[in-house]
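Please look over the sequence and the model shown here before reading on. The report below goes through a few features in turn.

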Amino acid sequence: MEELKKMVAEGRDDLVPDKVRALLDQGTDVEAVMKQALIPAMDQVGELFQSGEIFLPEMLVAAQAMKAGMAVLEPFIKGSGVKPLGRAVVGTMQGDMHDIGKNLVIMSLEGAGFEVVDLGMDVAPEAFVAAIQTHQPRIVGMSALLSSTMTAMKKTIQAIDDAGLRGQVKIMVGGAPVNREFAKEIGADFYGKDSVAGKVFATEAVQI
Amino acid sequence: MKIPEPFKKGADFEALRKVLMRETTGGPVPIIELMVDGDPMAQVTGLPTPISSMMELLDFVEADGTVSPESLEKGMQLMDLSLAFARDVGYDYVTTIPVVPIPRTRLSTSEATGGQVKRAWQNEHHGLIPDREAFEAFPWPSTDAIDLITLDYLAPQIPEGSKIMLFYFGIFEDLRALMGFEQMAVKSIREPQLLGDILEKLTVLAEATVDRAAAHPAVGAIFYADDMGFNTSTMLSPKWFRQWLIPCLKRIADACHRHGKPFLLHSCGQIDALMEDLIETVGIDGIHSFEDNIEPVESVYQRYHDRISVLGGVDVNLLSQGTEDQVRARCRQILDVCGPGGGFAIGSGNSVTNYCKIENYYAMLDETKKWNREHGF
């Protein structure tokens with residue numbers, strides 16, 4: 001298991017699938033592979049990223065390696081009773097077509113065991129509302145690059161509130177111009193300075 | 001709303017140059033911008049603009065590297081607008097760009113704030129060079145294809161005492177545009193030499209452009225724009241930048257310095273880990289781009305102003321979302337710290353975007369004028 005964890009952390013998507021298969025062949029159960037190797041590996045990568053010891057590319061290749069491992073596990077997960085940690089809906093704001101930050105958040109959430117619905121870019125407030133109604137997530141993530149598009153966060157939170165859905169979701173916001181004060185002002189639950197901070201918040205939120 | 005009165009009458013690039021090169025601590029704090037979008041320039045001058053935001057300029061070069069007659073016409077209109085804008089506000093320079101016909105992916109456009117603000121966006125996922133094969137087949141333009149028509153067009157028209165500031169879109173920006181950001185990030189680990197080879201091609205073009213532009217007598221300085229950071233760190237590791245990008249930037253800066261012109265760097269994001277390399281190895285003369293979320297301009301000024309000039313600093317977020325009073329108060333805070341020691345020019349933290357409030361832009365200019373007057377200038 002330690003070897004698999006190391007492979008994921010080092011982004012070895014060429015080696016991870018065979019290692020996962022070997023573990024399953026040896027009788028290791030699906031949940032153990034996820035919880036003792038894949039997820040801890042991504043946690044470790046997230047911590048190194050936050051402390052400045054590694055950078056975005058290293059996170060990306062680790063996530064690719066995790067995905068390669070998950071692809072092997074996928075058919076077994078369905079029958080195993082393993083449930084995702086929680087569900088999240090994530091998108092960039094209306095008018096905003098920058099999604100590196102949003103994709104990093106998705107990567108971090110998936111790495112922690114979340115099921116994530118990616119709404120994509122340039123997402124209207126009503127599309128967030130519809131996605132919450134359809135997917136019933138506990139977490140909603142919003143991302144914006146520009147001052148002109150971060151104002152759509154307020155409108156989107158208002159739309160969620162108007163639809164009577166605000167109480168069932170925890171809303172986290174992030175992006176270059178966003179800060180803690182702005183998040184508080186618009187009624188978000190959390191501002192994350194990076195994707196790992198978002199993952200930590202979401203993980204705690206679904207366990208409350 | 002047209003500008004009520006200019007920041008100052010007449011241009012004096014020599015005075016600005018002395019500030020950029022830290023040759024004086026006396027004199028008024030000048031104003032500087034890397035870029036002003038078409039919409040605010042149109043508001044200031046009352047003239048029409050062919051484009052809303054400056055990112056649209058990248059679409060002037062077609063996917064095959066050519067420039068259409070329509071884009072050329074728009075380019076001419078834009079230069080006339082830039083000229084009128086610089087004159088009306090009282091800048092010491094007029095900004096333009098070179099034509100470097102590198103094929104790029106088309107931009108996407110979006111509308112925000114109820115359709116009032118249009119922005120153009122680079123594709124972050126797919127580029128024209130995903131792999132080695134595409135690199136080999138790519139129609140790299142030769143240095144002969146670089147066109148400095150913009151300099152020749154503007155040079156006879158700039159106001160007396162003014163110079164041209166040449167904006168160059170950086171090689172790391174182009175690397176990301178050509179590969180797509182995610183592809184580039186992953187390949188920086190899996191296939192670093194491919195990035196190195198693309199950078200080499202781009203450096204040859206940048207070096208030649210800057211060398212020829214800086215040799216032009218009407219050019220006062222090169223404003224080289226290359227975003228290298230996010231809010232919290234550099235986009236790739238500092239080690240990668242030191243190995244692959246810094247040597248290229250040094251060649252480009254050297255091409256500028258050969259002609260005795262200031263080389264100013266614009267880079268967004270938290271790039272403090274690279275500052276020693278940028279100052280000592282590359283030899284930048286000034287640094288631009290500040291966001292209060294990352295680090296306020298004052299603390300950067302205090303750390304580096306004895307080695308390079310510090311430029312801009314008024315957060316775009318404030319210029320777009322704040323009130324006039326807030327903008328005036330923030331300008332005064334910045335000026336009180338950065339003004340007296342020299343080596344500082346004020347302006348937006350990034351650029352005057354089409355979503356900045358024009359009254360806030362005017363407030364920034366007016367408060368600086370007042371501050372200068374109060375300090376005897």
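Eight residues of domain 1 of chain A are in contact with eight residues of domain 2 of chain A, where two residues are in contact if their C-beta atoms, placed from the backbone, lie within 7 Å. On the domain 1 side, the elements that give two or more residues are α3 (30-50) and α4 (56-80) of chain A, and α3(A) gives the most, with six residues. Helices here are DSSP runs of H or I with at least four residues and strands are runs of E with at least two, numbered from the N terminus. By class, this side of domain 1 has six nonpolar, two polar and no charged residues; Ala, Val, Leu, Ile, Met, Phe, Trp, Tyr, Cys and Pro count as nonpolar, Asp, Glu, Lys and Arg as charged, and the others, Gly among them, as polar.

This is a predicted model, in which local features need pLDDT of at least 70 and side-chain atom pairs count only at pLDDT 80 or more, while totals for chains, interfaces and linings use all residues. Residues are numbered from 1 along each chain as its sequence is written, and chains are lettered from A and ligands numbered from 1 in the order in which they are written.

Domain 1 of chain A covers 2-80 and domain 2 covers 87-207, with bounds that come from an automatic or database domain assignment. Taken over C-alpha atoms, the centres of the two domains are 25 Å apart.

The largest nonpolar core has 183 residues, and those with the most contacts inside it include Val8(A), Met153(A) and Phe223(B). Such a core is a set of buried Ala, Val, Leu, Ile, Met, Phe, Trp, Tyr and Cys residues joined through C-beta atoms within 7 Å. A residue is buried if 20 or more other C-beta atoms, placed from the backbone, lie within 10 Å of its own, exposed if 12 or fewer, and partly exposed in between. The core draws at least three residues from each of the two domains of chain A. Leaving aside residues up to four places away in sequence, Met153(A) touches Met93(A), Met142(A), Ala144(A), Val173(A), Ile186(A) and Ala188(A).

The contact between the chains takes 28 residues from chain B and 27 residues from chain A. On the chain B side, α7(B) supplies the largest share, six residues, and this side has 11 nonpolar, 13 polar and four charged residues.

Within chain B, helix α2 (residues 38-45) is mostly covered, since eight of its eight residues are buried, and what covers them includes α3 (69-89) and α14 (358-374) of chain B. Just after α2(B), Gly46(B) takes a positive phi of about 80°.

Two residues other than glycine also have a positive phi, as the table sets out.

| Residue | Phi | C-beta atoms within 10 Å | Exposure |
|---|---|---|---|
| Gln136(A) | near 50° | 12 | exposed |
| Arg22(B) | near 55° | 19 | partly exposed |

Gln136(A) lies in the loop between α6 (125-135) and β3 (139-143) of chain A, whereas Arg22(B) is found in the loop between α1 (13-20) and α2 of chain B.

How do the axes of α11(B) and α13(B) cross? They come within 9 Å and cross at roughly 10°, and the two helices are therefore roughly parallel to each other, a term for angles under 35 degrees.

Notes. Axes are lines fitted to C-alpha atoms, for helices over the stretch in contact, and angles run from 0 to 180 degrees between N-to-C directions. Angles under 35 degrees count as roughly parallel, over 145 as roughly antiparallel, 65 to 115 as roughly perpendicular and the rest as oblique.
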